[in-house]
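The following exercises are meant to be worked through with the sequence and the coordinates side by side. Each task is followed by a solution in steps.

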Amino acid sequence: MKKYLFQMSVLLLTMFVLSSATYTSNNDGYTIGEKASDFTLKGTDDKMHSLSDYKDVNGYIVVFTCNTCPYSVLYEDRLIELADQAREMGFAMVAVNPNDPDIQPEDSFEKMKVRAKEKGFNFPYLLDEGQTVYPKYGATRTPHVFIMDKDMIVQYIGAVDDNSKDASEVKEKYMYKAMKAIKKGKTPDPATTKAIGCTIKAKKA
């Protein structure tokens, strides 16, 4: 009897975890070769930002990230470096926090302002208020990278690189390689990788 109760407890816990994950993930969204839509979101500088604000660029980078996910925190310094590299290669880069602050209070707009100042973010840090942008793109994790060419055609979707835990152990710089390829008019290889991070926190439908 005790064994049966234990098995039932494990089953119920597994079902709860899976059901909790379903509403924080989204498998729809853009695929490679599709045209992405522009958006207008408020940044931690209290200004409204759109990708169309950037003229004569080689492409656009949207990184869905947040304050609270340990993976996102591990990538902050790398994203700051990549933002400098992106500018050098003629790319416009923005970061978007897709989490609902009612579910994750540490991802509130005010907390975003604090984090951006503490880290010295050199890219716009935007709040997906109402959570309307991340579902269109198909982001499921933080961080999750989408890179488009100058015509807003999606060319790369996935991870920043191949080692979320240790920057010194990175062997494949996916995001950097994708930028270099797009600048040369080539197709990134790989064009898609698996985004490693925390699920996006959204209200149940």
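**Exercise 1. Surface and overall make-up**

What does the accessible surface of the protein come to, and what percentage of it belongs to carbon and sulfur atoms?

Solution. The model is a predicted one, and the accessible surface computed from it comes to about 11,100 Å², with 54% belonging to carbon and sulfur atoms. Turning from the surface to the interior, buried residues make up 47% of the 205 residues. The secondary structure consists of five helices and nine strands, which follow one another along the sequence in the pattern α-β-β-β-α-β-α-β-α-β-β-β-α-β. Of the contacts with a separation of 6 or more, 77% are between residues 24 or more positions apart.

**Exercise 2. The sheet and its helices**

Determine the strand order of the open sheet, identify its edges, and place helix 2 and helix 5 against its strands.

Solution. Seven strands form the open sheet, in the order 2-1-5-4-3-7-8 and with mixed pairing. Strand 2 and strand 8 stand at the edges, because each has a single partner strand and so has one side without a neighbour in the sheet. Neighbouring strands are turned against each other by 30° on average, direction ignored. Helix 2, residues 70–88, packs on the sheet and touches strand 3 and strand 4, its direction making about 150° with that of strand 4. Helix 5 lies across strand 3, strand 4, strand 7 and strand 8, and runs at about 5° to strand 7. At the strand 2 edge, the pairing of strand 1 with strand 2 is antiparallel and extends over three bridges; in strand 2, S50 is the bridge partner of T40.

**Exercise 3. Backbone geometry in the loops**

Locate the cis peptide bonds that precede P143 and P190, and examine the phi values of D46 and D56.

Solution. The bond joining T142 and P143 is cis, with omega about 0°, and P143 lies in the loop between strand 6 (141–142) and strand 7 (144–149). The peptide bond from D189 to P190 is also cis, with omega near 5°, and P190 belongs to the loop between helix 5 (174–183) and strand 9 (198–199). As for positive phi in residues other than glycine, D46 has a value near 65° and is found in the loop between strand 1 (40–43) and strand 2 (48–50). D56 has a positive phi of about 55° and sits in the loop between strand 2 and strand 3 (59–64). With a relative accessible area of 43%, D46 is partly exposed, whereas D56, at 83%, is exposed.

**Exercise 4. Two loop residues and their surroundings**

Is D100 buried or exposed, and is K150 buried or exposed?

Solution. D100 lies in the loop between strand 4 (91–97) and helix 3 (109–119); since buried means under 20% relative accessible area, its value of 8% makes D100 buried. A polar atom of the D100 side chain lies 2.8 Å from the backbone nitrogen of D102. Not counting residues up to four places away in sequence, D100 touches Q131, K201, A202 and K203. K150 lies in the loop between strand 7 and strand 8 (154–158), and at 57% relative accessibility K150 counts as exposed. Leaving aside neighbours within four places in sequence, K150 is in contact with V57, N58, G59 and Y60. K150 and G90 are 60 residues apart in sequence, while their C-alpha atoms are 9.8 Å apart in space.

Notes:
Residues are numbered from 1 along each chain as its sequence is written. This is a predicted model: local features need pLDDT of at least 70, side-chain atom pairs count only at pLDDT 80 or more; totals for chains, interfaces and linings use all residues. Side-chain values use heavy atoms; hydrogens and water are left out. Helices (H or I, at least four residues) and strands (E, at least two) are DSSP runs, numbered from the N terminus. Buried means under 20% relative accessible area, exposed over 50%, partly exposed in between (1.4 Å probe, protein chains only). Contact means heavy atoms within 4.5 Å. Accessible areas come from the Shrake-Rupley method with a 1.4 Å probe; for residues, only the protein chains shown count as cover. A polar contact is a pair of N or O atoms within 3.5 Å; within protein, one must be able to donate a hydrogen and the other to accept it, and residues adjacent in sequence count only if both atoms are side-chain atoms. Two strands pair if DSSP finds at least two bridges between them. Axes are lines fitted to C-alpha atoms, for helices over the stretch in contact, and angles run from 0 to 180 degrees between N-to-C directions.
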